[in-house]
Amino acid sequence: MWLTAGLGILILFSVWRRIWLHEYRMHILHQKHALYQQPVTNIVWIPPDTHTIPHTAEGDLIRYGRLLVVHTARYLGPKGKIAHISNGMNCQNCHLAAGTLPFANNFSLVASTYPKYRARNDRVETVAFRVNACLKRSLNGEALDTNSREMKAFVAYLLWIGGQLHANSSAGSRTPTVWGAGTEKLNYLKRAADTNAGRMVFMTYCQNCHGRHGQGLWVDSTGEYQYPPLWGKHSYNTGAGMYRISQFAAFVKNNMPFGTSYLHPLLTDEQAWDVAAFVNTQPRQAYRDLKYDWPRIADKPVDYPFGPYADSFQEPQHKYGPFEEIEKARANISVKQQ
Ligand code: HEC
Ligand code: HEC
C-alpha cells in the first residue's frame, strides 16, 4: 500500500512539475513577446530568401545590387573595379546582413514607402535619390548616375527585398508598421551625453576591432574593411545620419560590439549615448552640401548639431543633449502657434 501511495505521489509531483514548467515557459515567452513584439499589430518582417531571386536578367540585376550592398568597396571604393567614388565602407557596415536584420537599419520599408517626402531636403525622394544620399554622406562619396547599371542594381535589390511587404500594403489601405524597422528609439538621457565616459566605453568595447584611432582595419587582399572606420577621412561625413548621436547610439546599442543583437544588448543606453558623443566628437570629413540640409529649420531633429534653430537652444545642447527640454520647448511653441 505504501508503495502505491508513494508511486501516486511521485506521479502527481511529476505531472504538477510538467504543468508548472509549461506555465513558466509560457510566462517567459509572453514576456519576450511583450518586450520585443509590442504592439502586436506590428508586422514581423521576414526578408525573402536570396534563393528565390529569379534566374532572369532582372534577377541578375537584383543579385548584383545585393553584391554592391555587401561589398561596396570592391566596386565603388578607393580601389573599386567599377569606379572610385566612395570612402571604402560598405553599405552593409550600417545596414547589417545586407539590410535584413531587425533594429539594424534594415531595408524592409524602402519598397513600400518611397518615393517619400523627407524634410532633410524638403522634397519627395526616390529610392535612387536615397541611395545617392547614403553614398554622398555615409560613404563620403559621389552620386551615381541614375541610369548606371550600378544604380539600377541598387534599386532593383531594394525593391525586391521589400517587394512582398509592398504588395501587401498596396492591397491594404496603409503602410504597415514593421517591428524592427530602422533602429530602436532610445530614451533620452536626463543629462548631456558625456564624451569622457564615452571614451572609456570606446576603449573597453570598441577599440579592439575599430582601432585605437577609430581607423578600422583595411585588408588589401579583400579590397575592403574587415572593421570599418568610426572616424577619420575614410569614415562617414558630417552630413550622415550616423553623425546624429541618437542614430549612432540606437544602432550601436543593439548591434555592437559586433555579434550582439537586440536580444542581448551589451551596452546600457547610457553607454550607447556616451560612446556616440565621443565618436562624433572625433575628426571627420565635412559634408560639402551641408548648407542645403533642413531648409525649413523648424524641421531639424532635436539632435541635429548644426544651427540655426527655430528654438533658443545652442549647438552644443543640440549635439549632446539633454534633448527632452528641447522637445518640450518645441511642443510649447507649436501649441502657441495653433
Ligand atoms: C555609416 C552608416 C551607413 C552606411 C555606410 C550606409 N548607410 Fe544607408 N542609412 C544609414 C542610416 C543611419 C539611415 C537612416 C537614417 C536616416 O534616415 O537619416 C540610412 C538610410 C538608408 C536608406 C533609407 C531607408 C528607409 O527605410 O528610409 C536607404 C535606401 C539606404 N540607407 C541605402 C544605403 C546604401 C545603398 C548604402 C551604400 C551605398 C548605404 N545606405 C550606406 C546609414 C548608413
Ligand atoms: C568584434 C569586433 C567589433 C567590436 C568589438 C565593435 N565593432 Fe563595430 N563593427 C564591427 C564590424 C565587423 C562592423 C561592420 C559590420 C558588417 O559590415 O557586417 C561594425 C560596424 C560598426 C558601425 C557602423 C559602420 C561604421 O564604421 O560607422 C559602427 C557605428 C560601429 N561598428 C560602432 C561600434 C562601437 C561604438 C563599438 C563599441 C561599443 C563597436 N562598434 C565594437 C566590428 C566590431
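Modeller: Helices here are DSSP runs of H or I with at least four residues, and strands are DSSP runs of E with at least two, both numbered from the N terminus. We're looking at a predicted model, where local features need pLDDT of at least 70 and side-chain atom pairs count only at pLDDT 80 or more, while totals for chains, interfaces and linings use all residues. Residues are numbered from 1 along each chain as its sequence is written, with chains lettered from A and ligands numbered from 1 in the order in which they are written.

Biologist: OK, how many helices and strands does the protein chain have?

Modeller: Just count the runs. The protein chain comes out with 14 helices and six strands.

Biologist: And what percentage of the 338 residues counts as buried?

Modeller: Buried means 20 or more other C-beta atoms within 10 Å of the residue's own, exposed means 12 or fewer, and partly exposed is in between, with C-beta atoms placed from the backbone. Of the 338 residues, the buried share is 36%.

Biologist: Which residues are closest to ligand 1?

Modeller: A residue belongs to the shell if its C-beta atom, placed from the backbone, lies within 6 Å of the ligand. For ligand 1 there are 23 of them, and the closest are Cys-91, Cys-94, Cys-134, Ser-138 and Gly-241.

Biologist: Which element gives the most to the shell around ligand 1?

Modeller: Two elements give two or more residues to this shell: H6 (127-136) and H7 (149-161). With four residues, the top contributor is H6.

Biologist: Then how many charged residues does the shell around ligand 2 have?

Modeller: The classes go like this: Ala, Val, Leu, Ile, Met, Phe, Trp, Tyr, Cys and Pro are nonpolar, Asp, Glu, Lys and Arg are charged, and the others, Gly among them, are polar. Around ligand 1 that gives 15 nonpolar, seven polar and one charged. Ligand 2 has 25 residues around it, with Cys-206, Cys-209, Pro-228, Pro-257 and Phe-258 the closest. By class they are 20 nonpolar and five polar, and the number of charged ones is zero: no charged residues.

Biologist: From which domains does the shell around ligand 2 draw at least three residues each?

Modeller: The bounds come from an automatic or database domain assignment. Helices H9 (195-205), H10 (207-210) and H11 (245-255) each give two or more residues to this shell. At least three residues come from each of domain 1 (50-179) and domain 2 (195-337).

Biologist: Which element gives the most to the largest nonpolar core?

Modeller: A nonpolar core is a set of buried Ala, Val, Leu, Ile, Met, Phe, Trp, Tyr and Cys residues joined through C-beta atoms within 7 Å. The largest one has 37 residues, and Val-110, Val-127 and Phe-154 are among those that touch the most other members. H2 (57-70), H3 (72-76), H5 (110-113), H6 and H7 each give two or more residues to this core. Nine residues come from the biggest giver, H7.

Biologist: What do the buried residues of H6 pack against?

Modeller: Seven of the 10 residues in H6 are buried, among them Val-127, Asn-132 and Lys-136. Contact means C-beta atoms, placed from the backbone, within 7 Å. Val-127, leaving aside neighbours within four places in sequence, contacts Val-110, Tyr-114, Val-155, Leu-158 and Leu-159. The buried residues of H6 pack against H5 and H7.

Biologist: Is Gln-92 buried or exposed?

Modeller: Gln-92 sits in the loop between H3 and H4 (96-99). Its C-alpha is 5.1 Å from that of Val-70, although the two are 22 residues apart in sequence. Because 21 other C-beta atoms lie within 10 Å, Gln-92 is buried.

Biologist: In the hairpin of S5 and S6, which residue takes a positive phi?

Modeller: Strands pair when DSSP finds at least two bridges between them. S5 (217-219) and S6 (224-227) run antiparallel with three bridges. There are four residues between the strands, and the one with phi near 70 degrees is Gly-223.

Biologist: What is omega for the peptide bond from Met-256 to Pro-257?

Modeller: Pro-257 lies in the loop between H11 and H12 (269-279). The bond from Met-256 is cis, with omega near -10 degrees.

Methods:
Two residues are in contact if their C-beta atoms, placed from the backbone, lie within 7 Å.
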